[in-house]
Amino acid sequence: GVLIKGGVHLENLGVLTAIAFDKTGTLTVGKPKVTDVVAVIGDEERLLTVAAALESRSAHPLAQAVVMEAKRRGLIWGEAGKVEAVTGKGLRAEFDGQKVTIGNAKLFDGEPLPEIIQQQATRLEGEGKTTMLIQADGQFLGVLALADTPREEIREVLERLHQLGIRKTIMLTGDNERVGRAIANAVGLDEVSAGLLPEDKVKAMEELGQRYGQVAMVGDGVNDAPAMARATVGIAMGGAGTDVALETADVALMADDLSKLPFAVALSRASRRIIRQNLWISMGVVALLIPATLFGWAGIGLAVLVHEGSTLVVVANALRLLAYK
């Protein structure tokens, strides 16, 4: 269930001191659901219809969650035009004769947010939910809140990684600090870096590399690929990952199963131990045979036999990894 794209990546897995994780689709199951629809102008159905019209033009998991909720309520909408995607922030488009903007608070930098919008967003984010603000022709219509479920096995995975010698586990997320911290506390992560755009994740990986040395990045999306390329080892969630993430990654967890990550790290450390043992065996035999042959303690035939025998010992020692659990 683990694809390792080369010997160097197998070895690098064994020297990791820290691992960074993307949040959505990696630490969480990647299937967010709309939990709250808070309309401050108009009603909930109008707010959700406008949001769905824009988000239907996006393939992002949060966008699809909004569309699913609108369909569940039986809402119908027309197509939005002149759609502009703002990476890591949201969408702008024309819908129903209005200029509509939907996204996180960073999309509205420089604009004063109404107090009611700020209050609702703060309350929802404090509950660990991701918020979307919706604005039409300069007026804020309301807030949508979405929540994703942490993977069931994640806490156990993180504990096992710590036991294997991983000193720090870090979340890198484009979500806000309150949401990131709520998820991190729920699963047992050490650090959170929130509000990151794709380029910010690359800078964060560089900083983590300076602080901890050998750092891996685990992700599943297009936005994670640059950070994965910057990491000592890039690890992709194979089942749910995008083609870009899988192509960029050095290691792929093929079954979308994070419980395979401790196995891969432990296997790498076992492999490094075997490599060191084999080097000592090989060099030790050579160190004994050279003087033994030079001083006549052993004939050349015996020396060749012992040397070839040591090769078989090395191979047999390495093959023990096939039975590694």
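**Reading strands, helices, cores and salt bridges**

Q: Seven bridges join strand β7 (residues 130-136) to β8; do the two strands run parallel or antiparallel?
A: Before the answer, bear in mind that this is a predicted model. Strands β7 and β8 run antiparallel, and M132 is one residue that can be placed in the register, since it stands opposite L144 in β8. The two strands form a hairpin with two residues between them, and in that turn D137 has a positive phi of about 50°.

Q: Which other strand is joined to β8, and by how many bridges?
A: Strand β3 (residues 33-39) is joined to β8 by six bridges, and this pair, too, runs antiparallel. Here V37 stands opposite L144, the residue of β8 that also faces M132 of the β7 pairing.

Q: Is strand β8 mostly covered or mostly open?
A: As a general idea, the side chains of a regular strand alternate between the two faces of the sheet. In this model strand β8 (residues 139-147) is mostly covered, with seven of its nine residues buried.

Q: What can be read from the hairpin of β4 and β5?
A: Strand β4 (residues 81-86) and strand β5 (residues 90-95) pair in the antiparallel sense over four bridges, and V86 has G90 of β5 as its bridge partner. Three residues lie between the two strands, and G88 in the turn has a positive phi of about 75°.

Q: Turning to helices, how does the span of α5 agree with what its 12 residues should give?
A: Helix α5 comprises residues 115-126, and at 1.5 Å a residue its 12 residues should span 16 Å; the C-alpha atoms at its ends are 16 Å apart, which agrees. Just after the helix, G128 takes a positive phi of about 80°.

Q: Which residues of α5 are buried, and where do they fall when one looks down the helix axis?
A: The general idea is that an α-helix has 3.6 residues a turn, so residues three or four places apart point the same way. In α5 the buried residues are I117, Q120, A121, L124 and E125. Seen down the axis, these buried residues fall within an arc of 125°, so they line one face of the helix. E115 and G126, on the other side of α5, are exposed. The elements that cover the buried residues include β3, β7, β8 and α7, so the reader can connect this helix with the strands discussed above, since β3 and β7 are each joined to β8.

Q: Which residue forms a salt bridge with E125, and is E125 buried or exposed?
A: E125 forms a salt bridge with R178, and the closest N and O atoms are 2.3 Å apart. Because E125 lies in helix α5 and R178 in helix α7, the pair ties together parts that are 53 residues apart in sequence. E125 counts as buried at 7% relative accessibility, whereas R178, at 41%, counts as partly exposed.

Q: How many salt bridges does the model have, and which residues are linked in a network of them?
A: The count comes to 18 salt bridges, and D36, R123, E127 and K129 are linked in a network. Within this network, R123 forms a salt bridge with E127, whose closest N and O atoms are 3.6 Å apart. R123 is partly exposed, with a relative accessible area of 39%, and E127 is partly exposed as well, with 45%.

Q: What separates E177 from R181 in helix α7?
A: They are four residues apart, and therefore separated by about one helical turn. E177 forms a salt bridge with R181, the closest N and O atoms being 3.8 Å apart. At 41% relative accessibility E177 counts as partly exposed, and R181 is partly exposed with a relative accessible area of 31%.

Q: Which residues of the largest nonpolar core touch the most other members?
A: This core has 29 residues, and those that touch the most other members are I19, F21, L161, I235, L258 and L261. At least two residues of the core are supplied by each of β2 (18-22), α6 (154-163), α7 (177-187), β11 (215-219), β12 (233-237), β13 (251-253) and α11. A second, separate core of 26 residues includes V50, A51, L62 and L91. Returning to L261, its contacts beyond four places away in sequence are I19, F21, L161, V218, I235 and L253.

Q: Is S271 in helix α11 buried or exposed?
A: S271 lies in α11 (residues 260-294) and counts as buried, because its relative accessibility is 7% and the cut-off for buried is under 20%. Leaving aside residues up to four places away in sequence, S271 touches L10 and L321.

Notes: Residues are numbered from 1 along each chain as its sequence is written. This is a predicted model: local features need pLDDT of at least 70, side-chain atom pairs count only at pLDDT 80 or more; totals for chains, interfaces and linings use all residues. Side-chain values use heavy atoms; hydrogens and water are left out. Buried means under 20% relative accessible area, exposed over 50%, partly exposed in between (1.4 Å probe, protein chains only). Two strands pair if DSSP finds at least two bridges between them. Contact means heavy atoms within 4.5 Å. A nonpolar core is a set of buried Ala, Val, Leu, Ile, Met, Phe, Trp, Tyr and Cys residues joined through side-chain atoms within 4.5 Å. The expected span of a helix is 1.5 Å times one less than its number of residues. The arc is that of the directions from the helix axis to the C-beta atoms. A salt bridge is a side-chain nitrogen of Lys or Arg within 4 Å of a carboxyl oxygen of Asp or Glu.
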